[in-house]
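Here is a set of exercises to work through with the structure open beside you. Try each task before you read its solution.

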Amino acid sequence: MRFEIITIFPGFFTGIFDHGIVRRAQAEGLVAVTAHDLRTFTHDRHRTVDDRPFGGGEGMVLKPEPLAKALESLGIQVKADRGEMQKQILRSAHEWRSPQEDQVGGGETRVILLSAQGRPFTQTVAREVAALKRVVLICGRYEGVDERINQLYCDMELSIGDYVLSGGELAAAVVVDAVMRLVPGVLGNEASGEFESFGVADAEISRSEEGVPRSQHGAGGLLDYPHYTRPAEFGGLRAPEVLLNGDHQQIRKWRREQQLRKTLRNRPDLLERAALSPEDRSILETIQRDSE
Ligand code: SAM
């Protein structure tokens, strides 16, 4: 999978992907990340990328011409020239999967505009993006990007959270990191993405759990359970006895209960769409009854 990042600060990405899983994935040729300097696509002496907003107001806006040139240099056509499916900004993550052969650069390519006004970037969206061959990420700066770039070229606007960053670079790095680890072969144990926070439900997991117990089920949209390692005793606290006794059935049960407890405490909203078994529901009822 290939990530192309368009930015006025390509140096921001120097070193940021040179660690851990992300570095290894690149070294093994599973993924590639390239940062493209937007100023390369300007033609004036000052390499101007921004201009004052029409209608007045604070700040500057990234001009459309350099962005269009940068996209075209990557073989990205305007959506109108890519076929019917791409004429609209995609409305949901599911629409990423076009049944038609994508005509952008010959593979499955999508253009993402990082924006505080975008759709929330979630693990579900990360999984959809990970199925693509190539993603182009546009990093805004100042007050943002001339809207016509969004209208003409972008398949989706993504926000990494309800706060305003000073630029799209950090957001792009978050998207690249979260997506990259879902690309097949990147994680040592491919199943591990499914058993983490926000992981998919059992029915969507193709492989069975082997060896070390993780939880009773795939995360099914819940948060992860707490993790412990040696020493067994630290800061006056002992790791839960159940994790030390080697009874895999008990460990699975405990972990599932912890997932439910943590999700109920920190993200009750997730429970509404989580894949819960009758046993999960009964555990939740017990937790809620006990806390009353
Ligand atoms: N005027 C914009 C607004 O109120 O939505 C904020 C612009 S922000 C200062 C500059 C750039 O940072 C944006 O164009 C976008 O690329 C990026 N950015 C800011 N917050 C973001 C977020 N929550 N998610 C993704 N990108 C963000």
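**Exercise 1. Find the loop that holds Tyr-142, and decide whether this residue is buried, partly exposed or exposed.**

Step 1. Tyr-142 sits in the loop that runs between β6 and α4. Helices (H or I, at least four residues) and strands (E, at least two) are DSSP runs, numbered from the N terminus. Residue numbers start from 1 along each chain as its sequence is written. The model is predicted, so local features need pLDDT of at least 70 and side-chain atom pairs count only at pLDDT 80 or more, while totals for chains, interfaces and linings use all residues.

Step 2. Now count neighbours. A residue is buried if 20 or more other C-beta atoms lie within 10 Å of its own, exposed if 12 or fewer, and partly exposed in between, with C-beta atoms placed from the backbone. Tyr-142 has 17 C-beta neighbours inside 10 Å, so it counts as partly exposed.

Step 3. Check the backbone too: phi of Tyr-142 is near 55°, a positive value in a residue other than glycine.

**Exercise 2. Do the same for Phe-198: which loop holds it, and is it buried or exposed?**

Step 1. The loop between α6 and β8 is the place of Phe-198.

Step 2. Phe-198 has 20 other C-beta atoms within 10 Å, so it is buried.

Step 3. Its phi is near 70°, again positive in a residue that is not glycine.

Step 4. While you are in the loop between α6 (192-195) and β8 (233-234), look at Pro-231. The peptide bond that leads from Arg-230 to Pro-231 is cis, with omega near 5°.

**Exercise 3. Work out the strand order of the open sheet of 5 strands.**

Step 1. Pair the strands, where two strands pair if DSSP finds at least two bridges between them. β1 (residues 2-7) and β2, for instance, are joined by 6 bridges in the parallel sense. Within this pair, Arg-2 has Ala-32 of β2 as its bridge partner, and Phe-3 stands opposite Val-33.

Step 2. Read off the order: β2-β1-β6-β5-β7, with parallel pairing.

Step 3. Look at the ends. β2 (32-37) and β7 (156-159) each have a single partner strand, so one side of each is left without a neighbour in the sheet.

Step 4. Add the twist, which averages 30° from one strand to the next. The axes here are lines fitted to C-alpha atoms, for helices over the stretch in contact, and angles run from 0 to 180 degrees between N-to-C directions.

Step 5. Finish with the cover on β1: 5 of its 6 residues are buried.

**Exercise 4. Which residues of α2 are buried, and what covers them?**

Step 1. In α2 (residues 64-73), the buried residues are Pro-66, Leu-67, Ala-70 and Leu-71.

Step 2. Look down the helix axis: the buried residues of α2 fall within an arc of 135°, so they line one face of the helix. The arc is that of the directions from the helix axis to the C-beta atoms.

Step 3. Their cover includes β1, β2, β4 (61-62), β5, β6 (134-138) and α4 (147-153). Contact here requires C-beta atoms, placed from the backbone, within 7 Å.

Step 4. Just after α2, note that Gly-75 takes a positive phi of about 80°.

**Exercise 5. Describe the shell of 20 residues around the ligand.**

Step 1. Ala-116, Gly-140, Gly-144, Gly-168 and Ala-171 come nearest to the ligand. A residue is near a molecule or strand if its C-beta atom, placed from the backbone, lies within 6 Å of it.

Step 2. Two elements, β5 (109-120) and α5 (168-180), give two or more residues to this shell. β5 gives the most, with 4 residues.

Step 3. Sort by class: the shell has 9 nonpolar, 9 polar and 2 charged residues. Ala, Val, Leu, Ile, Met, Phe, Trp, Tyr, Cys and Pro count as nonpolar, Asp, Glu, Lys and Arg as charged, and the others, Gly among them, as polar.

**Exercise 6. Where does Arg-273 lie, and how far is its C-alpha from that of Gly-221?**

Step 1. Arg-273 lies in the loop between α9 (268-271) and α10 (278-291).

Step 2. Arg-273 counts as exposed because it has 10 C-beta neighbours inside 10 Å.

Step 3. From C-alpha to C-alpha, Arg-273 and Gly-221 are 7.4 Å apart, with their positions 52 residues apart in sequence.

Key
Two residues are in contact if their C-beta atoms, placed from the backbone, lie within 7 Å.
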